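Reader: Could you take me through the aromatic rings of this model with some care, looking at how they pair and at what surrounds them?

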Amino acid sequence: MINEEIRVGQVRLVGPDGEQLGIMESSAALDLAYQKNLDLVLIAPKAEPPVCKVMDYGKYKFELAKRDKEARKNQKVVNVKELRISSSIDEHDFDTKVNHAKKFLQDGDKVKVSIRFRGREIHHSALGAKSLERFRDALADFGTCDKPPKLEGRSMSLLISPSAKKD
């Protein structure tokens, strides 16, 4: 809330430079802000008495927007790439999937490796767990395992995060 929107009797006033100006009537604080060509901004409405600051509100909003934009620019979006293998995967196919996963991890993405059990394969889920552990061991230099192989319904999955880059 700013300027005339502030409807409390007394406020604790903080000056534009951060100095304490004391407790005064909100109308007197508003007059003081107008004399300096600034705005009266309610900072802590729950305090007793509420705390107001004299500042340039437009400049304050601009600085906040600028800070938020800078924070979004520096933010890294982590994607989760999913690879599907079977419990009876052949050696060459396995190597191809490992190479794809290495590329994803080097790009900074997480990799989810999953095995979908069809039909009676669910009774041999230990083979699927062994394949996933073999996959995890093949990628040990490129990433770390976030969660161990876990059976969820008819599929078993493993999540691997990229390891810290050595620059």
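Author: A charge is said to sit over a ring if NZ of Lys or CZ of Arg is within 6 Å of the ring centre and within 35 degrees of the ring normal. In this predicted model, that description applies to Arg 134, whose charged end sits over the ring of Phe 94, 3.8 Å from the ring's centre.

The ring of Phe 94 also belongs to an aromatic pair, and a search of the whole structure finds 2 such pairs. One of them joins Tyr 57 and Tyr 60, with 6.3 Å from centre to centre and 35° between the planes; because planes under 30 degrees apart count as stacked and those over 60 as edge-to-face, this pair falls into the remaining class, tilted. Tyr 57 and Tyr 60 both lie in helix H2 (residues 57–73), and because they are 3 residues apart there, about one helical turn separates them. Tyr 57 counts as partly exposed, at 26% relative accessibility, and Tyr 60 also counts as partly exposed, at 36%.

Phe 94 and Phe 135 form the pair that involves the ring under Arg 134, and here the arrangement is edge-to-face, with the centres 5.5 Å apart and an angle of 90° between the planes. This pair links distant parts of the chain, since Phe 94 belongs to helix H3 (residues 91–106) while Phe 135 belongs to helix H4 (residues 125–138), 41 residues apart. Phe 94 counts as buried because its relative accessibility, 4%, is under the 20% cut-off, and Phe 135 is likewise buried, with a relative accessible area of 0%.

Technical notes. Residues are numbered from 1 along each chain as its sequence is written. This is a predicted model: local features need pLDDT of at least 70, side-chain atom pairs count only at pLDDT 80 or more; totals for chains, interfaces and linings use all residues. Side-chain values use heavy atoms; hydrogens and water are left out. Rings of Phe, Tyr and Trp (its six-membered ring) pair if their centres lie within 6.5 Å; planes under 30 degrees apart count as stacked, over 60 as edge-to-face and the rest as tilted. Helices (H or I, at least four residues) and strands (E, at least two) are DSSP runs, numbered from the N terminus. Buried means under 20% relative accessible area, exposed over 50%, partly exposed in between (1.4 Å probe, protein chains only).
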